[in-house]
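User: I am new to this structure and would like to learn how to read it, one feature at a time. Could you take me through it slowly?

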Amino acid sequence: MSKVALVTGITGQDGSYLAEILLDKGYDVWGIIRRASNINTSRIEHIFDKLTLRYGDLTDSSNLLLILAEISTKYVSNLDVFEIYNLAAMSHVKVSFEMPEYTSNVDGTGTLRLLEAMRSCSIPNEKIKFYQASTSELYGKVVEVPQTETTPFYPRSPYGVAKLYGYWITKNYREAYDLFACSGILFNHESPRRAHNFVTRKITIGLGKILRGEQDKLVLGNLTSLRDWGHAKDYAMGMWLILQQDKPDDYVLSTNEYHSVKEFVEKSFALKGFDIKWKGEGTNEVGYDEKTGRELIFVSEKYFRPTEVDELLGDSTKARTELGWKPEHSFDELVAEMVEADC
Ligand code: NAP
Ligand code: G4F
């Protein structure tokens with residue numbers, strides 16, 4: 001009997017770690033990739049031959065229906081379990097302000113399209129499980145600290161609002177059609193595979209370029225934001241655990257500690273011998289190396305968001321208790337791994 005998984009967003013940071021975990025556990029792993037003018041499979045190059053990949057897009061129902069029909073036919077009499085992990089998204093908060101309609105189409109309605117395709121395929125309900133990549137951005141302008149599964153949502157971006165739809169439609173389909181459909185409400189998670197335009201990776205890549213003399217400064221946006229940053233590998237394991245429970249439910253995954261953007265800068269630069277101190281305020285704030293006086297970090301409004309999420313801090317007690325999940329990487333280890341990879 002086959003264990004089969006379909007991962008949307010398999011070419012992304014989380015998709016690549018999740019695919020590794022699923023292959024290790026003996027799943028037949030299928031993935032949906034987007035057609036691009038250039039190769040976009042670099043994160044899964046090392047496992048490429050072990051995956052079954054199909055072109056598709058969450059904005060196109062027809063390909064989702066076809067892929068699910070193909071999987072249903074192939075495993076018709078030989079299926080133990082079929083797990084669908086919906087990780088595909090326009091995942092950048094700042095970009096979502098520039099592409100709000102597209103973001104809602106992919107991150108919101110896209111989730112509905114996949115749920116509908118799953119509902120209409122011939123695999124019986126009791127063999128299918130669905131994971132939705134929900135996010136701590138749902139908490140946005142937080143109404144309580146720390147945030148748990150019962151904290152009310154207050155999204156602050158088109159991305160957050162689209163993901164709110166994804167969260168609720170997943171819950172609604174669970175209740176309406178008795179589907180094993182779950183959300184992981186994941187706080188920020190990073191790695192050397194993080195896309196270059198998220199703040200952690202931008203910092204470690206910037207540091208590498210400064211060390212190699214390829215750039216003389218790093219320009220960032222809001223330095224005071226606080227994030228609960230974990231390691232993507234730990235969070236991918238949490239996604240799998242969420243689908244291994246007896247009953248479908250929603251879980252927060254978080255480290256339960258938060259750090260500022262400034263702190264991420266200080267820690268990563270310290271690993272390469274800099275002692276970053278700060279002077280000035282607002283857009284005039286500058287980070288400089290106390291040993292040499294060299295000014296290295298600058299602020300530009302260009303990277304501000306129209307509405308910011310100032311602080312996110314999770315409480316993942318439920319996942320730790322019910323799933324036996326906990327993060328294996330500390331904040332310091334995460335920073336060190338990213339600095340090592342980029343420098
Ligand atoms: P990521 O690196 O940006 O990967 C996103 C993936 O979605 C990529 O494979 C991308 O394909 C694919 N994609 C984008 N638009 C698509 C579309 N229209 N149709 C099909 N695929 C599409 O994101 P990630 O960090 O791995 O995050 C995975 C999921 O978790 C996302 O849903 C994200 O919103 C959510 N999430 C992430 C975090 C975090 O801190 N990382 C926290 C909470 C929730 P291409 O490679 O072709 O671009
Ligand atoms: O790294 P970020 O872009 O991540 P953000 O906005 O927290 O979103 C990430 O985590 C969410 C989970 O909470 C996911 F749902 C989402 O898909 C994504 O993975 O920004 C983190 C903070 C923000 O406050 C931002 O304003 O860093 C601040 N920041 C400061 N300078 C910057 C920069 N962010 C970016 N991207 N680039 C900067 O130069």
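Analyst: What follows goes through two ligand sites, a pair of packed helices and two details of the backbone, and throughout it should be kept in mind that this is a predicted model.

User: Let us begin with ligand 1: how many residues surround it, and which are the closest?

Analyst: A useful way to start with a bound molecule is to look at its shell of neighbours. Around ligand 1 there are 25 residues, and Thr11, Arg34, Ser91, Tyr159 and Lys163 are the closest of them. By class, this shell is made of ten nonpolar, ten polar and five charged residues.

User: Which helices and strands each supply at least two residues of that shell, and which element gives the most?

Analyst: Helix 1 (13-24), helix 4, strand 5 (128-135) and helix 5 (158-177) each supply at least two residues of the shell around ligand 1, and strand 5 gives the most, with three residues.

User: Which polar atoms of the protein lie within reach of ligand 1, and how much of the ligand does the protein cover?

Analyst: Here one looks for pairs of N or O atoms within 3.5 Å. An oxygen atom of ligand 1 lies 2.8 Å from a polar side-chain atom of Lys163, and a backbone N or O atom of Leu87 is 2.9 Å from an oxygen atom of the ligand. In the side chain of Tyr102, an N or O atom is 3.2 Å from a nitrogen atom of ligand 1. Of the 900 Å² of accessible area that ligand 1 has on its own, the protein covers 90%.

User: How should I read the site of ligand 2 in the same way?

Analyst: The steps can be repeated. There are 23 residues around ligand 2, of which Thr135, Ser136, Tyr159, Arg305 and Glu308 come nearest, and the shell divides into eight nonpolar, nine polar and six charged residues. A polar side-chain atom of Glu308 lies 2.5 Å from an oxygen atom of ligand 2, while polar backbone atoms of Asn197 and Gly221 are 3.0 Å and 2.8 Å, respectively, from a nitrogen atom of the ligand. The protein covers 96% of the 710 Å² of accessible area that ligand 2 has on its own.

User: At what angle do helix 2 and helix 4 pack, and is their crossing left-handed or right-handed?

Analyst: A helix pair can be described by its angle, its distance and its handedness. Helix 2 (residues 61-74) packs against helix 4 (residues 100-120) at about 35°, with the two axes 9 Å apart, and the crossing is right-handed. Ser61, Leu64, Leu65 and Leu68 of helix 2 meet Arg113, Leu114, Ala117, Met118 and Ser120 of helix 4, a contact with six nonpolar, two polar and one charged residues.

User: Finally, why would a reader look for a positive phi or a cis peptide bond?

Analyst: Such features stand out because most residues other than glycine have a negative phi, and most peptide bonds are trans. In this model, a cis peptide bond joins Val145 and Pro146, with omega at about -5°, and Pro146 is found in the loop between strand 5 and helix 5. Asp178, a residue other than glycine, has a positive phi near 55°, and Asp178 lies in the loop between helix 5 and strand 6 (180-186).

Technical notes:
Residues numbered from 1 in each chain as written. Chains lettered and ligands numbered in written order. Predicted model: local features only at pLDDT ≥ 70, side-chain atom pairs only at ≥ 80, totals over all residues. Heavy atoms only, no water. Axes fitted to C-alpha atoms, helices over the stretch in contact; angles between N-to-C directions. Helix = DSSP H or I, 4+ residues; strand = E, 2+ residues; numbered from the N terminus. Left-handed = near helix turned anticlockwise from the far one by under 90°. Contact = heavy atoms within 4.5 Å. Nonpolar A, V, L, I, M, F, W, Y, C, P; charged D, E, K, R; others polar. Near = heavy atom within 4 Å. Polar contact = N/O pair within 3.5 Å; in protein donor to acceptor, adjacent residues only side chain to side chain. Areas by Shrake-Rupley, 256 points an atom, 1.4 Å probe, with all protein chains shown as cover.
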